[in-house]
Amino acid sequence: MMEQNREIEKVPEIVVDETSFRGYTLDEIRYQRALAALRKEYAKEKIFNDLASVRKRVSFGSKEGIAGKAGTLAQKMFSGLNYLDYAMVGYTAFSAIRKFFKLFRKKKK
């Protein structure tokens, strides 16, 4: 799985010469959006896979309290993530919260 992550990170970004830069073409913008969506999906899938593996390893039959179990679960789930994964999780959570609060905003007339 780590090999796939490295392959995605090796995808070249669009490099521009600032002196003659006149903007991105539609194809370049589409490419960057598709690349961002791919990275987001990969990070989300990786989190779901990590969570599934943690659920298999953690036994809920122990005598620990609920808070101890939740702390252990969160620690195991987030121990294998890199900075890009944290950024994608944060961006996804921020987008969802923003959409939720937009429902309660007053509409200007």
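User: Helices (H or I, at least four residues) and strands (E, at least two) are DSSP runs numbered from the N terminus; how many of each does the protein chain contain?

Analyst: This is a predicted model, with local features requiring pLDDT of at least 70 and side-chain atom pairs pLDDT 80 or more, while totals for chains, interfaces and linings use all residues. Residues are numbered from 1 along each chain as its sequence is written, and side-chain values use heavy atoms, without hydrogens or water. Along the sequence, the pattern reads α-α-α-α. The count is therefore four helices and zero strands.

User: Is Leu 103 buried or exposed?

Analyst: Leu 103 lies in the segment after helix H4 (83–102). It belongs to a nonpolar surface patch with Ile 97, Phe 100, Phe 101 and Phe 104, together offering about 600 Å² of accessible area (Shrake-Rupley, 1.4 Å probe, only the protein chains shown counting as cover). Patch members have over 30% relative accessible area and no salt bridge (Lys or Arg side-chain nitrogen within 4 Å of an Asp or Glu carboxyl oxygen), nonpolar side chains (Val, Leu, Ile, Met, Phe, Trp, Tyr) being joined within 5 Å and like charges within 9 Å. Because its relative accessible area is 66%, above the 50% limit (buried is under 20%, partly exposed in between), Leu 103 is exposed.

User: Which helix gives the largest share of the positive patch?

Analyst: Lys 40, Arg 98, Lys 99, Lys 102 and Arg 105 form this surface patch (Lys and Arg count as positive, Asp and Glu as negative, His and chain ends not counted; charges are placed at NZ of Lys, CZ of Arg, CG of Asp or CD of Glu). Arg 98 lies in helix H4 and is partly exposed because its relative accessibility is 41%. The largest share, three residues, comes from H4.

Key:
Buried < 20%, exposed > 50% of the residue type's maximum accessible area, 1.4 Å probe, protein only.
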